[in-house]
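Please open the model in your viewer and keep the sequence beside it. The tour below goes from stop to stop, saying what to select and what is there.

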Amino acid sequence: IIGIIKPLLELQKRGLINFKLRYTWLIRNVELLKFDVVVFSRNCKITDLELLKFCNSNKIKVIYDIDDNFFRIPLDTPIGRYHRNPIALYVVNCFLKYSNAVRVYTKVLENHAVSVGSNVPRYNSYFDFSLISTRQRKHDNKIKIVYATSRGLNDKLGVVFSAALTRILNDF
């Protein structure tokens, strides 16, 4: 939403583009012929490859945006096992290789994308980290940390951070 939908909606509001939001499972190949550019985000389903191939064969430009490194996501969570499935990783590699432009956010993922043949720029996070360094603390020097997630109450991904947070708590 922050990195793709809102910027594209803003460009549409300014009259610079026509933007349509579509879920891949609802798109029929023929519908793609109406577009000059298709932006895929985090796609990793085998059925999405048909859309990628259709775009490539019809000279429709493809942008692939991926903000998580599915190749390194821990396997001890359901979402980790889902994304580390060899088929899902194959699909991600295809999107990295056969998209006209790829956007990643870490050096590690950039290196992987280049290794599979992608010409990929790395971008900074959507978050403005200068907000942290310039923020004035109100009452004390303690840093307050929140893990904000959209995955709901059953999110088990927080365990990824537990060792680092435990170390921070013990040290400080």
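A residue is called buried when its relative accessible area is under 20%, exposed when it is over 50%, and partly exposed in between, with a 1.4 Å probe and protein chains only. This is a predicted model, in which local features need pLDDT of at least 70 and side-chain atom pairs count only at pLDDT 80 or more, while totals for chains, interfaces and linings use all residues. Residues are numbered from 1 along each chain as its sequence is written, and side-chain values use heavy atoms, with hydrogens and water left out.

**The whole chain**

Begin with the whole chain in a cartoon view, where there are 8 helices and 3 strands; both are DSSP runs numbered from the N terminus, helices being H or I with at least four residues and strands being E with at least two. Followed along the sequence, these elements come in the pattern α-α-β-α-β-α-α-β-α-α-α. Of the 172 residues in the chain, 28% count as buried.

**Before the first strand**

Select I27, which sits in the loop between α1 (5–13) and α2 and counts as buried, at 16% relative accessibility. Add L51 to the selection: I27 and L51 are 24 residues apart in sequence, and 8.4 Å separate them in space, C-alpha to C-alpha.

Move on to K34, in the loop between α2 (29–32) and β1 (37–41). Is K34 buried or exposed? Its relative accessible area is 67%, so K34 is exposed. Between K34 and I60 the C-alpha to C-alpha distance is 9.4 Å, although 26 residues separate the two in sequence.

**The strands**

Now show the side chains of β1, which alternate along the strand: V38 and F40 point to one face and are buried, whereas V37, V39 and S41 point to the other face and are not buried. Bring in strand β2 (residues 61–65), which pairs with β1 in the parallel sense over 5 bridges; two strands pair if DSSP finds at least two bridges between them. Across this pairing F40 stands opposite Y64 in β2, and the bridge partner of S41 in β2 is D65.

Next select strand β3 (residues 101–103), which is joined to β2 by 3 bridges, also in the parallel sense. Here the bridge partner of I63 in β3 is A101.

With helix α3 (residues 48–57) added to the view, β1, α3 and β2 can be seen to make a right-handed β-α-β unit; a crossover is right-handed if, with the strands pointing away from the viewer, the path from the first strand over the helix to the second runs clockwise.

**Two loop residues**

Most residues other than glycine have a negative phi. Select R42, in the loop between β1 and α3, which has a positive phi of about 60° although it is not a glycine. R42 counts as partly exposed, at 28% relative accessibility. Then go to K59, in the loop between α3 and β2, where phi is near 55°, again a positive value in a residue other than glycine. K59 counts as exposed, at 73% relative accessibility.

**Aromatic rings**

Colour the rings of Phe, Tyr and Trp (its six-membered ring), which pair if their centres lie within 6.5 Å, with planes under 30 degrees apart counted as stacked, over 60 as edge-to-face and the rest as tilted. How many aromatic pairs does this rule give? The count comes to 3 aromatic pairs. Y23 and W25 have ring centres 4.8 Å apart and planes at 20°, so this pair is stacked. Y23 is partly exposed, with a relative accessible area of 47%, and W25 counts as exposed at 61%. Returning to the strands, select F40 and Y64 together with F95, for these form one aromatic cluster.

**A pocket to finish**

Finally, select N141, K142, I143, I145, L165, I168, L169 and F172, the residues that line the second largest pocket.

Definitions and conventions: 1 Å grid on protein atoms, 1.4 Å probe; cavity = no way out; pocket = protein on both sides within 12 Å on 5 of 7 lines; lining within 4 Å.
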